[in-house]
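User: Could you take a close look at one part of this model for me? I'd like to know how a single helix sits among the strands around it, and what else is worth following from there.

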Amino acid sequence: MALSDLNREIVLQAIEEYDQAGRDTFLERYGYREARDYFIIHNGRHYDSKAIAGVAHRGVGGRPLRAAEFSGGAATVGKVLGDLGFLVTPRRDVSPARTLFDKIENLDTARSSNGQRKRHQPLTLLWAFGRAARRQGRLTPWDVTGAEISALINEFGLEDDRPNPEYPVLKLAHFGLWTLPDHREPPPSSGSPPLSWMRRNQPISGLREWVYDLVVQDETVRFQAAAYLLSTYFPDVDQNALLTRVGLNQADDEELTPPQDAHPPERRPTTVRRIIRDNALSRLIKALHDHTCQICGIRLLLPQGPYAEGAHIRPLGSPHDGHDVAGNLLCLCPNDHVLFDQSAIVVDDDLVVLDRLTGESKGILRTVTGHEVDTQYLAYHRNSYLRMNAASKQV
Ligand SMILES: [Zn+2]
């Protein structure tokens, strides 16, 4: 029996024993030294991966393996445990979130003939994050996965993209974000083999367990990952439409309705109007800023939770025709939203906030990782003040 016969359940049993015994006792009991590299990160704890794999071997080989009987490196233990959905890393102090961001920031995506980055992998990930956000099953059969990712590539891919979902799925599997649990050795993600292999095997597949669990449990991680993919790969796409399309249009606490008798009826129209105006993209940006105003730093707390507004820098619709993209949005408090919309406040290209009435600086626009403001929209906003001013002088 070999390590490759391990399954997730017997690895979890070894982890449970490790928890009960404690690290020192567990390692001593089975003759292992403390690992210097390669740890399993599971439920916020780290475990010596070689010892866990060796002890888990008892479930398939009848007895635990001794440390000297096998190698504990990335190619052996790391691969086997990774294929079983565990996060295995060379550092014990790294968080699953940091590992996920490192991977998402380093996706190996090709470029089209005009230099744009191909969107197959980002679309596949956004689709899977949407399923996770809605608590849908992690693994799906190939006829579902293939059809849905193809449709997304057709809708949101580059013009010359072929809707071949085989490549991003295999690429993400080899990159450690995706898994095909019934197939330990899927083909490489290039050339023609993927097409026939997928057709023949019809694999079930999905995000690796640690990725899925993280995206389900941590809304901020989900939002930051989605925002990074949107701004990096979809600068000219209706990002709100894409978020809605993949089901990333709802915050976890959104089902919570405010207590009905807390608001006198005559005040409701305002609340309702704001909720209707609040789309998926604006909710994502506000969550990234933790509902903190980018101009004054205020975070309003209402009985039903924090409150901020998503403000388009270049307004949507005629005559401005701004885009619904993250780079065209600010997270503002209601006061600064009004001041900004009326151009009493403008922001220069260095993100210095200026009070138009006094000419004084109000400091630097606050920014967070994952949300980059596009200066072309700030320039449009500054110029629209000049246009407005000129028009009012003529009146
Ligand atoms: Zn403010």
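Analyst: Sure, and keep in mind that this is a predicted model. Let's start with what helix H16 packs against: the buried residues of H16 sit against strand S8 (309-312), strand S9 (329-332) and strand S10 (345-347). H16 itself covers residues 334-341, and its buried residues are Asp336, Leu339 and Phe340. Looking down the axis of H16, these buried residues fall within an arc of 100 degrees, so they line one face of the helix. That fits the usual helix geometry: an α-helix has 3.6 residues a turn, so residues three or four places apart point the same way. Just after H16 comes Ser343, with a positive phi of about 60 degrees.

As for the wider setting, UniProt lists residues 293-348 as "domain: HNH nuclease", in an unreviewed entry. That span is 14% helix and 30% strand, and its end C-alpha atoms lie 17 Å apart.

Now follow S10 onward. S10 belongs to an open sheet of three strands, ordered S10-S11-S12, with antiparallel pairing. S10 and strand S12 (361-364) are the edge strands, each pairing on one side only. On average, neighbouring strands in this sheet are turned by 20 degrees against each other, direction ignored. Strand S11 (residues 352-355) pairs with S12 over two bridges, in the antiparallel sense. One residue pair to look up there is Leu354 with its bridge partner in S12, Ser361.

For another set of antiparallel strands, jump back to strand S1 (residues 39-42). Four bridges join S1 to strand S2 (residues 45-48), and the two run antiparallel. They form a hairpin with two residues between the strands, and Asn43 in the turn has a positive phi of about 50 degrees. S1 also pairs with strand S3 (residues 87-89), antiparallel again, over three bridges. On that S3 pairing, Phe39 has Thr89 as its bridge partner, while in S2 the partner of Ile40 is Tyr47. The side chains of S1 split two ways: Phe39 and Ile41 point one way, Ile40 and His42 the other, and all are buried.

Ile40 and Tyr47 also lead to the largest nonpolar core. Both are in contact with Ile52, as are Val11, Ala14, Ile15 and Tyr18, leaving aside neighbours of Ile52 within four places in sequence. Ile52 is among the residues with the most contacts inside that core of 92 residues, along with Phe129, Ala226 and Leu284.

Terms used:
Residues numbered from 1 in each chain as written. Predicted model: local features only at pLDDT ≥ 70, side-chain atom pairs only at ≥ 80, totals over all residues. UniProt positions renumbered as here; feature names shortened; annotations may be inferred. Core = buried A, V, L, I, M, F, W, Y, C linked by C-beta atoms within 7 Å. Buried ≥ 20, exposed ≤ 12 C-beta atoms within 10 Å, placed from the backbone. Contact = placed C-beta atoms within 7 Å. Arc of directions from axis to C-beta. Pairing = 2+ DSSP bridges. Axes fitted to C-alpha atoms, helices over the stretch in contact; angles between N-to-C directions.
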